[in-house]
Amino acid sequence: MRTLTVMGAGRLGCSLARLAHLSGHYQVLDVVGRRPEPLRRAREFIGAGREATDLGQLRAADFYLLSVPDGEIASCANDLAAAGVAPAGCVVFHASGVGEAALLAPLAERGVLTASLHPAFSFADPARAVADFAGTLCALEGDEDACTRLEALALALGGRPFRLAPGGKAAYHAGLSVASNFLVALTAMAQRLTARAGVPDELAQPLLGGLMRQTLENALALGPRDALTGPIARGDVGTVERHLAALGDAELAAAYRALGRQTVALAGDRLPDAVRLRLLALLY
Ligand SMILES: NC(=O)c1ccc[n+]([C@@H]2O[C@H](COP(=O)([O-])OP(=O)(O)OC[C@H]3O[C@@H](n4cnc5c(N)ncnc54)[C@H](OP(=O)(O)O)[C@@H]3O)[C@@H](O)[C@H]2O)c1
């Protein structure tokens, strides 16, 4: 059985360690933290492992997961390298969405195989996370051998591993942020506009929600280009002019213009050249 040590027994660390233990293919060896009481609760939740507050106590493991906050990963990697407990040829990985395996450079210099494994999942509550994790996509990046071994680990946890291009981590994470956070920001923008038009709050939700759900389903099923409808896709310059006049505040107008230009690009050759130029003149 492969062995796994977890540094940082928080939401993600506890969840993945518990899943590893439940898989029957990985033995949780050491669970590392700074404070004894949360560490004891974490070990109880995981159902395996030995509590450790001192890196000098750690045993040699096949995998080390640095599940500390993103800002702590590099210093933990330094500390682990200085402690000299992770043997050459083992895998040390972190779970940051944006950070690369390079955060673990001091370990790589000692012959350790380094990588990142980012589950696209929200670990708000470890018990729920363990119950719901199956099928979660897990983005892998880093040393080739480390990624191969982490593919097996991710599959054992119930995840669906896939590889990122070298250097692709920031673009990957920006893509997730656009899809998730900007969708929320768009909802808020749309609600401000419908409120300005006098739509009551209790109607804004079904009005915008129905349209947004249908549009998202279309974009995912048909692809963004074929799902695109509306004034820009139709080349309706007059409607875009009226929208811009109604937006009022400069921030909203800047966002509308930036997204409008993306929409013109998406519409592509559906728009005659002359119409595209008139739209772009309004949107710059
Ligand atoms: N939560 C998610 O939904 C999610 C999703 C995908 C990826 N991730 C990634 O997973 C990683 C962990 O995130 P999280 O949400 O699980 O964080 P978290 O719940 O805040 O847990 C972090 C844990 O690290 C411990 N810690 C901090 N510094 C430490 C150190 N120097 N040595 C040992 N332990 C230390 C903290 O213990 P103390 O109590 O002592 O501070 C805490 O138990 C991050 O890289 C994050 O980007 C998280």
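Here are three short exercises with worked solutions on this predicted model.

**Exercise 1: the cysteines**

Work out how many disulfides the structure holds, and why cysteine 138 is not in one.

*Solution.*
- Start with the global search: scanning the whole structure turns up zero disulfides.
- Take cysteine 76 next. Cysteine 76 is in no disulfide, and its nearest cysteine sulfur, that of cysteine 14, sits 15 Å away.
- Now recall the cut-off: a disulfide needs two cysteine sulfur atoms within 2.5 Å.
- Turn to cysteine 138. The closest cysteine sulfur belongs to cysteine 147 and is 12 Å off, so the pair is too far apart for a bond.
- Finish with exposure. Buried means under 20% relative accessible area. Cysteine 76 has 11% relative accessibility, so it counts as buried. Cysteine 138, with a relative accessible area of 1%, is buried too.

**Exercise 2: the ligand and its shell**

Find which residues come nearest to the ligand, then list polar contacts made by its oxygen atoms.

*Solution.*
- Begin with the shell: 21 residues surround the ligand, and Leu12, Arg34, Arg35, Asp70 and Phe123 come nearest.
- Map the shell onto secondary structure. At least two shell residues come from each of helix H1 (11–23), helix H3 (73–83) and strand E6 (113–119).
- Go through the contacts with ligand oxygen atoms:
  - aspartate 70 uses a polar side-chain atom, at 2.5 Å;
  - phenylalanine 123 uses a backbone N or O atom, at 2.8 Å;
  - glycine 10 uses a polar backbone atom, at 3.3 Å.
- Check the coverage: on its own the ligand has 900 Å² of accessible area, and the protein covers 78% of that.
- Last, place the ligand: the space it takes is the second largest pocket.

**Exercise 3: aspartate 125**

Decide whether aspartate 125 is buried, partly exposed or exposed, and find what its side chain reaches.

*Solution.*
- Locate the residue: aspartate 125 is in the loop between E6 and helix H5 (126–132).
- Classify it. Partly exposed covers the range between the 20% and 50% limits. Aspartate 125 has 35% relative accessibility, so it counts as partly exposed.
- Follow the side chain: the side chain of aspartate 125 reaches the backbone nitrogen of arginine 128 at 3.1 Å.
- Compare chain and space: aspartate 125 and leucine 12 are 113 residues apart along the chain, yet their C-alpha atoms are separated by 8.9 Å.

Note on methods. Residues numbered from 1 in each chain as written. Predicted model: local features only at pLDDT ≥ 70, side-chain atom pairs only at ≥ 80, totals over all residues. Heavy atoms only, no water. Buried < 20%, exposed > 50% of the residue type's maximum accessible area, 1.4 Å probe, protein only. Near = heavy atom within 4 Å. Polar contact = N/O pair within 3.5 Å; in protein donor to acceptor, adjacent residues only side chain to side chain. Areas by Shrake-Rupley, 256 points an atom, 1.4 Å probe, with all protein chains shown as cover. 1 Å grid on protein atoms, 1.4 Å probe; cavity = no way out; pocket = protein on both sides within 12 Å on 5 of 7 lines; lining within 4 Å. Sits in = over half its atoms within 2 Å of the grid points. Helix = DSSP H or I, 4+ residues; strand = E, 2+ residues; numbered from the N terminus.
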